[in-house]
Amino acid sequence: MTLADLVNPAILTQPVYEPGKPIETVARELGLDPATIIKLASNENALGPSPKAVAAARAALGEAQLYPDGGCFALRQKLAARLALTPPQIVPGNGSNELLELLGHVFLRPGDEAVMGAPAFVVYKLVTLLFGAKPVEVPLVNHRHDLAALAAAVTPRTKLVFLPSPNNPTGTANTEAEILAFARALPPHVVLAFDEAYAEFLDNPPDLRPLIAEGRHVVCLRTFSKIYGLAALRVGYGYTTPEIAALLHRARQPFNVNAIAQAAACAALDDTEFAARSARENRAGLAQLEAGCRALGLETVPSVANFLLIRVGDPSTPSTSSGPAGSGQSGARVFAALQKRGVIVRPLQPYAMPEWIRVTVGTAVQNERLLRELPAAVRG
Ligand SMILES: *Cc1c(COP(=O)(O)O)cnc(C)c1O
């Protein structure tokens, strides 16, 4: 008997998530000074964390001998008040990634289907496969979710539909009217997971609370990793009907959100000025990157998130060619060239967009650095 015989077969074929490269890793691998490297690869907040959140996290560290409040009382109170919901409707998690996994625990069995866009956040597919269910991928149209096609992909086996808006990696959004009509037309055996990781970057994010109030099967997911700048602490949350929330709570670990993260998240919510400034500076940074790419003759996808897709190659050239600009692997090549120059971005071949890179909006200085390094990296 080999080890493989003992293993759940879903694990043997489970793909592995490829994260953005940490600065220290790139410094070690390429012999660069970490202080000269900038990371624009994981949609982190260019302004760092809210200083008030950092102060709260420091204070919480002094009580690190105590288990956290497994019920996240203060955080759920605060979120409920902010969203005009009740605490039993809120499920904090170890990043919103944990909420995605909890949805799998609660709803997915082998043979079930989960519908998702392609390209969309890869974790939807990973979670679906992990629970032995089948990912049903629906191509985006003009880099935007095609809601009619998503609806048409729903079958009697569909349990979950994942819809991110804005989407990662494209940065595109669907309108509130479109999303509400789509959600209202879903059959009752389907749960809609509406991923709002970047909602706070929008002026008027779609509001799905009326659907929740109607008792529809909708779970909205948010995170402190993006606009609140707390990605390292791993805290996000879902809000939904009290019935679905109770099911998600059953599937989670007793202390899934640590005390440092809870304290920091509460303080971050109170620091509305920081979140507003993050959104404002992000818009300015997006405009800077879009104008810079236009000046370089590089196509971008209009984004409403804190990242931008940039086409660095010509898809008309066959992907077997290994030449410079125009190569089918141009995203990977430009990614590597930028990395050598101390700028970490995200290649998009894992999302089947090998001509593109995804770049997080940085500070004005970081954006300028990227735009300065980009021409030589694209030329190869
Ligand atoms: C970043 C991101 C998340 C959030 O992940 P966390 O686990 O909260 O850090 C969720 N969904 C999408 C689409 C994202 O891009």
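**Close-ups of two pockets and a ligand**

**View 1. Two domains share the lining of the largest pocket.** In this predicted model, domain 1 (3-36 + 273-379) and domain 2 (51-270) each put at least three residues into the lining of the largest pocket. The space inside comes to about 920 Å³. Picture how you'd find a spot like this: rolling a probe the size of a water molecule over the atoms shows where empty space is left.

**View 2. Who lines the largest pocket?** There are 45 lining residues here, and if you head for the centre of the pocket, the ones lying nearest are Asn97, Ser225, Lys226, Ala231 and Arg234. Three helices are worth picking out: α4 (51-61), α6 (96-107) and α7 (123-130), as each of them supplies at least two residues of this lining. Which one gives the most? That's α7, with five residues. Sort the lining by class and you get 22 nonpolar, 14 polar and nine charged residues.

**View 3. Now for the second largest pocket, with a volume of about 490 Å³.** It has 25 lining residues, and Glu18, Val122, Pro350, Tyr351 and Ala352 sit closest to its centre. Look for β3 (113-118), α7 and β11 (346-347), the elements that each hand two or more residues to this lining. Here α7 turns up as the top contributor, giving four residues. The class count for this pocket runs to 19 nonpolar, one polar and five charged residues. Domain 1 (3-36 + 273-379) and domain 2 (51-270) both take part, with at least three lining residues from each.

**View 4. Meet the ligand and its neighbours.** How many residues surround the ligand? The count is 13, and the closest are Asp195, Tyr198, Thr223, Ser225 and Lys226. Two of those names may ring a bell: Ser225 and Lys226 are also among the residues nearest the centre of the largest pocket.

**View 5. Zooming in on polar contacts with the ligand.** Start at Thr223, where an N or O atom of the side chain is 2.5 Å from an oxygen atom of the ligand. Ser96 uses its backbone instead: one of its backbone N or O atoms lies 2.7 Å from a ligand oxygen atom. Then there's Lys226, with a polar side-chain atom 3.2 Å from an oxygen atom of the ligand. How much of the ligand does the protein cover? On its own, the ligand has 390 Å² of accessible area, and the protein covers 94% of that.

Notes. Residues are numbered from 1 along each chain as its sequence is written. This is a predicted model: local features need pLDDT of at least 70, side-chain atom pairs count only at pLDDT 80 or more; totals for chains, interfaces and linings use all residues. Side-chain values use heavy atoms; hydrogens and water are left out. On a 1 Å grid over the protein atoms alone, a cavity is a set of points where a 1.4 Å probe fits but cannot get out, and a pocket is an open set with protein on both sides within 12 Å along at least five of seven lines; lining residues have an atom within 4 Å of a point. Grid points are joined across faces, edges and corners, and a volume is the space filled by probe spheres set on the points. Ala, Val, Leu, Ile, Met, Phe, Trp, Tyr, Cys and Pro count as nonpolar, Asp, Glu, Lys and Arg as charged, and the others, Gly among them, as polar. Domain bounds come from an automatic or database domain assignment. A residue is near a molecule or strand if one of its heavy atoms lies within 4 Å of it. A polar contact is a pair of N or O atoms within 3.5 Å; within protein, one must be able to donate a hydrogen and the other to accept it, and residues adjacent in sequence count only if both atoms are side-chain atoms. Accessible areas come from the Shrake-Rupley method with a 1.4 Å probe; for residues, only the protein chains shown count as cover.
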